[in-house]
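Visitor: I would like a close look at a single helix in this protein and at what surrounds it. Please take the last one along the chain, and then go outward from there.

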Amino acid sequence: MEMGILHYFADLHPLLGKNGIVPRLLKPGGKLILRDFHPVSTKLLVSQGRKRTFQGNYFSPALHSSSLSCHKFSLDQGNPVPEILHRRWTLGEVLTTIAEGGLCLKVLQEEPGVRGVDTRIPKVFTLVAQQLY
């Protein structure tokens, strides 16, 4: 799964938890590879051009409203942009739900932004988890 998937789920359990879609699809020994935006960057950082400021609460479970990101590619630019709700998960919430789904974490890499803007802060994470049974 690649970049910007998890925040569309108000509950991660139907996707990653016990009896979730991913654990059911994986055979024993099968691997989940997940690369997504790091929670530090999605829950705490606000970007304005090249300037970053810290705001927000890392532990807030609140749902947030925003425009549907893919609408900018729509051929139907005359209609209002659809609003969506999304949930910004902590890294602990993601990892715990994956473990509850019976997957074992094999790799967790945290990476800075790819454009070289403030390389001191994690922007992306990649994890590999393996189905145990």
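Guide: What follows starts from one helix, moves to its neighbours, and ends with the pocket and a few separate local features.

The model is a predicted one. For orientation, the secondary structure comes to 4 helices and 7 strands. Read from the N terminus, the order of the elements is α-α-β-α-β-β-β-β-α-β-β. The protein has 133 residues, and 35% of them are buried. Of the contacts between residues at least 6 apart in sequence, 58% join residues at least 24 apart.

The helix in question is α4, residues 91-100. Which of its residues are buried? They are Leu91, Val94, Thr97 and Ile98. These four lie on the same side of α4, because the arc they cover around the axis is only 140°. The buried residues of α4 pack against two helices, α1 (13-16) and α3 (39-43), and against three strands, β1 (31-37), β6 (103-112) and β7 (122-131).

Ala99 also belongs to α4. Its relative accessibility is 49%, so Ala99 counts as partly exposed; the cut-off for exposed is over 50%. The C-alpha atoms of Ala99 and Leu16 are 8.6 Å apart, although 83 residues separate the two in sequence. Just after α4 comes Gly102, with a positive phi of about 90°.

One of the strands that the buried residues of α4 pack against is β7, and Ala129 is a residue of that strand. Is Ala129 buried or exposed? It is buried, because its relative accessibility is 0%. Leaving out residues up to four places away in sequence, Ala129 touches Ile98, which is one of the buried residues of α4. With the same exclusion, the other residues touched by Ala129 are Gly30, Lys31 and Leu32, together with Leu103, Cys104, Leu105 and Lys106. For Ala129 and Lys31, the C-alpha atoms are separated by 5.6 Å, with their positions 98 residues apart along the chain.

From β1 and β7 the path leads to the largest pocket, since both strands contribute to its lining. The volume of this pocket is about 590 Å³. Its lining consists of 23 residues, and those nearest the centre are His7, Phe37, Thr42, His86 and Arg88. By class, the lining has 10 nonpolar, 9 polar and 4 charged residues. At least two lining residues come from each of β1, α3, β2 (45-48), β4 (63-67), β5 (83-87) and β7.

Phe37, one of the residues nearest the pocket centre, is also a contact of Gly4. Gly4 sits in the segment before α1. With a relative accessible area of 8%, Gly4 is buried. It touches Asp36 as well as Phe37, when residues up to four places away in sequence are not counted. The C-alpha atoms of Gly4 and Phe37 are 6.3 Å apart, for a chain separation of 33 residues.

Strand β5, another contributor to the pocket lining, contains Ile84. Its relative accessible area is 18%, so Ile84 is buried, the cut-off being under 20%. Between Ile84 and Ser66 the C-alpha distance is 5.6 Å, and the two are 18 residues apart along the chain.

Two local features remain. The first is in the loop between α1 and α2 (21-25), where Asn19 is placed. Most residues other than glycine have a negative phi. Asn19 is not a glycine, yet its phi is positive, near 65°. Asn19 counts as exposed because its relative accessibility is 58%.

The second is an aromatic pair; the search of the whole structure finds 1. The rings are those of Tyr58 and Phe59, with centres 5.1 Å apart and planes at 85°, so the pair is edge-to-face. The two partners differ in burial: Tyr58 is buried, at a relative accessible area of 17%, whereas Phe59 is exposed, at 66%.

To return to the helix: Leu91, Val94, Thr97 and Ile98 of α4 are buried, Ala99 is partly exposed, and Ile98 is in contact with Ala129 of the neighbouring strand β7.

Terms used:
Residues numbered from 1 in each chain as written. Predicted model: local features only at pLDDT ≥ 70, side-chain atom pairs only at ≥ 80, totals over all residues. Heavy atoms only, no water. Buried < 20%, exposed > 50% of the residue type's maximum accessible area, 1.4 Å probe, protein only. Arc of directions from axis to C-beta. Contact = heavy atoms within 4.5 Å. 1 Å grid on protein atoms, 1.4 Å probe; cavity = no way out; pocket = protein on both sides within 12 Å on 5 of 7 lines; lining within 4 Å. Points joined across faces, edges and corners; volume = space filled by probe spheres on them. Nonpolar A, V, L, I, M, F, W, Y, C, P; charged D, E, K, R; others polar. Phe/Tyr/Trp six-rings, centres within 6.5 Å; stacked < 30°, edge-to-face > 60°.
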